[in-house]
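Colleague: Would you kindly explain the reasons behind the terms used for this structure?

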Amino acid sequence: MPAVSKGDGMRGLAVFISDIRNCKSKEAEIKRINKELANIRSKFKGDKALDGYSKKKYVCKLLFIFLLGHDIDFGHMEAVNLLSSNKYTEKQIGYLFISVLVNSNSELIRLINNAIKNDLSSRNPTFMCLALHCIANVGSREMAEAFASEIPRILVAGDTMDSVKQSAALCLLRLYKTSPDLVLMGEWTSRVVHLLNDQHMGVVTAAISLITCLSQKNPDEFKTCVSLAVSRLSRIVSSASTDLQDYTYYFVPAPWLSCKLLRLLQCYPPPEDGAVKGRLVECLETILNKAQEPPKSKKVQHSNAKNAILFEAISLIIHYDSEPNLLVRACNQLGQFLQHRETNLRYLALESMCTLASSEFSHEAVKTHIETVINALKTERDVSVRQRAADLLYAMCDRSNAKQIVAEMLSYLETADYSIREEMVLKVAILAEKYAVDYSWYVDTILNLIRIAGDYVSEEVWYRVIQIVINRDDVQGYAAKTVFEALQAPACHENMVKVGGYILGEFGNLIAGDPRSRYVPFCLMFTLLFFFSLVPCLLTCSQKLRPQSRRCCAAIARSATQMLNCSSELRVKEFHLQRFWSPFSQATVLEEMPPFPERESSILAKLKKKKGPGAVSVTELEDSKRESGELNGAGERGPDPSVMAASNASTPSPSADLLGIRSAVPVSAPASSGSLLVDVFSEAGPTASSGAVNDDGFLRFVCKNNGVLFENQLLQIGIKSEYRQNLGRMYLFYGNKTSVQFASFTTTVILDNCLQLNVQSKPVEPLVEGGAQIQQVLNIECLTDFSDAPLLNIKFRYGGALQNLTLKLPVTINKFFQPTEMASQDFFQRWKQLSQPQQEAQKIFKANHSMDTEVIKAKLLGLGMALLDNVDPNPENYVCAGVIQTKSQQVGCLLRLEPNAQAQMYRLTLRCSKDSVSKRLCELLAQQF
Amino acid sequence: VTHQQTRSRQGKLRLQKWFVPTSEREKKKVIRDMIMLVLPRQPRTCNFLQWKDLKIVYKRYASLYFCAGLEEHDNELLALEVLHRYVELLDKYFGNVCELDIIFNFEKAYFILDEFLMGGEVLETSKFAVNVSMEQADTLQETMEEYMSKPAY
């Protein structure tokens, strides 16, 4: 037992803990715990009333048992009783228990809330703090409902103790995060902002977290905080290290507060007021200068605190992206850190530089560190640092250094850690495509990629190289030659064989001049043999091959057939070939491969999905789209609708075509990892079944009605929908992507949190054959406006395993829009009529997609409102008007979207005759642009 | 800060606190994955990791690993000092804190954490102020003797 036990000791508890620790086995431990649980249960149930101390001790034991990982299903009542005790320690344990083991029993919650209410009004600061902690720890909606209006009052009251103010501020923050609709700042706003001036540093530290969060959501109301924050920051930065007494941390004045102030400023653009801005720039310069001063202490805590402020200041400089001088200084500072002996600093410097690389002012400065970064990639001992180095190389890459960077990344790949290979492969593939000046380099790079890390080259990558070769005449000969050479290697990766088979099948004739090309047939046979090993599967599954894979096989088959005509020694194989290809008609096989329709690069889509630092930014995506356009020569050939039709017509599988929907969406985009092999051996598919709600697809459908909602290796769900007035009809297409039947297939629409909708559907057939697709129709009626979406639960048996999937159905309030055309004058008149504060919802947010006018217009039209021209005095702005039709009422809505191309930001304002609608539309739309 | 955990070298969890709503299943998964990630790391490697969308900051003090999960915009170095400050507070309160103190007085460890962090944000950075409130709390408690006279079970 420990030597020190301050305050109260609970001997029984200590004995129990010792017993548990002395248990030799898991079984013994469980036995001891069960004994104790039985004991406690009998005490609680016993006739004799327990005194406070015993109650406290048993509750504490239960808590300990729970923390060991065992379930506890009683004792809540006793804990609640402890809350009303007058003894601090009993109250405290009671609150701890409630905080850790929240129970949703409503009767209990009423009692808990009562106890909290009593403590809040007790005027005893210690009790008040306990109550506030409990609210913050639980943070449930019920608690928010009970206390959201009370806490701001405590926070700004003149006679509240400082420690209580601190707790109140953070407690309110917690409630705001879980239930923002219940926390209405309104009248308190300015008094809360002025907490930044509070004498007590602890109060400021706590309050600023709240202010930062509120500012992110309502920047306009809180914008007075900018100048207050700047002056507070300036006072701290210029203070001597001893001025702030206990708020100085290892000789650094108030590091937490400084960082939070810098963080708050990152919610806003640079201050407009010249004096404020000057003062802020001065602060930032002082912080940069301090980094050069000799350390006041050798302790790592000193340098960590100091550098924490420095990194936060650099983030702010990068956020403003308007002071070239500061940006370059920041870059130089980070450059110093790149060679620092402290691993943490090297890691953070690499991370920050990634964002710095995207600024036009500092991109060049970042590039000067290329050798150091490459060195880091090669020599760092820590994989997470190497990963950051690879991210930075990716971010600093441009046309001038692409060849060097790609070469370094390729050579790193040979020894790279398995955990980061797939991402590295994607990055190399993207850089190679984006910065390819000559296509032979591109082809070489991708083939190298397959050679070095074939297992990690997903089908998106090798489809893409084929696409590009097909669409570019000038690289075809070179590609055929190179791939032919590559296939001479004694062992080739499966992906190399696939690419090789395709390219030689198409362009093998281009290397007819090569004396060795008489081996081409052998080479192709080799390829074919590879596929032959799959013949039994192919015969049963050929109908389910994805169009690309099928094309690939067909290409090989066609050229093989041609070769066979002239190559007698191989004729013996012809019989097998005929058998092999019988599922395809001869005509299909001999047809020439059509060019690939141009579409968004699927590898970019995949990397974007992977997220995390170094992921592709939107501008890059757009760039690459443009550049790959020229790379493919798509301008001359363009998408060819007949191609899609042809390939669909020859596809016997219905799952490949959802009534033509697929042609509307990127066909190769579904970034499921299923390669050809996975498709063929569908048994290798996933067995994991998740019950969590999947809402990945949901937001993509706010501005459109048709497309693929969900896809994994087993199942694809497509949607087509149409809406009229307050009614809608949604067609759901469930496609079985495997060769195995789905049994007990059921779908359920769950309206629990969306009772404002009425949805009717017929049950679907319980069996879905392999490769088949079934359809379900949902009839939807909107009774009144709504926020949450209905859920769709899908259950079926695949093999033996039950698959359970829940999706958010993309039914959003804007689907019931009727566009309303109106003239400028009418618009502004109505705008003024909707001037109550609740009727308006506004958001300022960073652009997540292209800010191209046509793209924005298309989205606004997809939204369902009328896009009004010549209304807003500023032609850059967009205004829209529409009426939402519900059964019970009509809601008029006006929208104004103000893009700021320079800052890559938008301001979105909605005014609707109903407040909840403004809010919901604002939330939905803020994620679309 | 989304959550904070303390665990022993064998990976036994000594203390956990979650600041954002997380389902029990998700918690178990995070805890398991973090053990796998953090424990095998060599000494003198960097104290930060990227795990899905979370930034993980950890530091080893004697036999205990202190870990925190951060959101995208949180400051890693400062989070490291949050962990350090917490250890200092434990140390000050228990006087040369060791793993056993945290095991046997787990409720105190939670209370100290509450005094320092609330909802994942730093509540009070002053060591002095936190200690004062802990001392105050202790003086509010009944005397040792009163308890020692009670039966053990």
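The following exchange concerns salt bridges, burial and a pocket.

Modeller: This is a predicted model, in which local features need pLDDT of at least 70 and side-chain atom pairs count only at pLDDT 80 or more, while totals for chains, interfaces and linings use all residues. Residues are numbered from 1 along each chain as its sequence is written, chains are lettered from A and ligands numbered from 1 in the order in which they are written, and side-chain values use heavy atoms, with hydrogens and water left out.

Colleague: Why is the contact between D181(A) and R141(A) called a salt bridge?

Modeller: A salt bridge requires a side-chain nitrogen of Lys or Arg within 4 Å of a carboxyl oxygen of Asp or Glu. For D181(A) and R141(A) the distance from N to O is 2.7 Å, and therefore the pair satisfies the definition. D181(A) lies in the loop between α10 (162-178) and α11 (189-193) of chain A and R141(A) in helix α8 (residues 141-147) of chain A, so the pair ties together parts that are 40 residues apart in sequence. Helices (H or I, at least four residues) and strands (E, at least two) are DSSP runs, numbered from the N terminus.

Colleague: What makes K367(A) buried?

Modeller: Buried means under 20% relative accessible area, exposed over 50%, and partly exposed in between, with a 1.4 Å probe and protein chains only. K367(A) has 14% relative accessibility, so K367(A) counts as buried. D398(A), at 16%, is also buried, whereas D181(A), at 35%, is partly exposed. The side chains of K367(A) and D398(A) meet in a salt bridge of 2.9 Å, N to O.

Colleague: Which chains does the salt bridge of R41(B) and D382(A) join?

Modeller: The side chains of R41(B) and D382(A) meet at 2.6 Å, N to O. R41(B) lies in a loop of chain B and D382(A) in a loop of chain A, so the pair joins two chains. Both residues, R41(B) and D382(A), are buried.

Colleague: How many salt bridges are found in the whole structure?

Modeller: The search finds 37 over all chains. D19(A), R32(A), E36(A) and K61(A) are linked in a network of salt bridges.

Colleague: How are the residues lining the second largest pocket divided?

Modeller: They comprise 23 nonpolar, twelve polar and twelve charged residues. Ala, Val, Leu, Ile, Met, Phe, Trp, Tyr, Cys and Pro count as nonpolar, Asp, Glu, Lys and Arg as charged, and the others, Gly among them, as polar. A pocket is an open set of points on a 1 Å grid over the protein atoms alone, where a 1.4 Å probe fits, with protein on both sides within 12 Å along at least five of seven lines; lining residues have an atom within 4 Å of a point.
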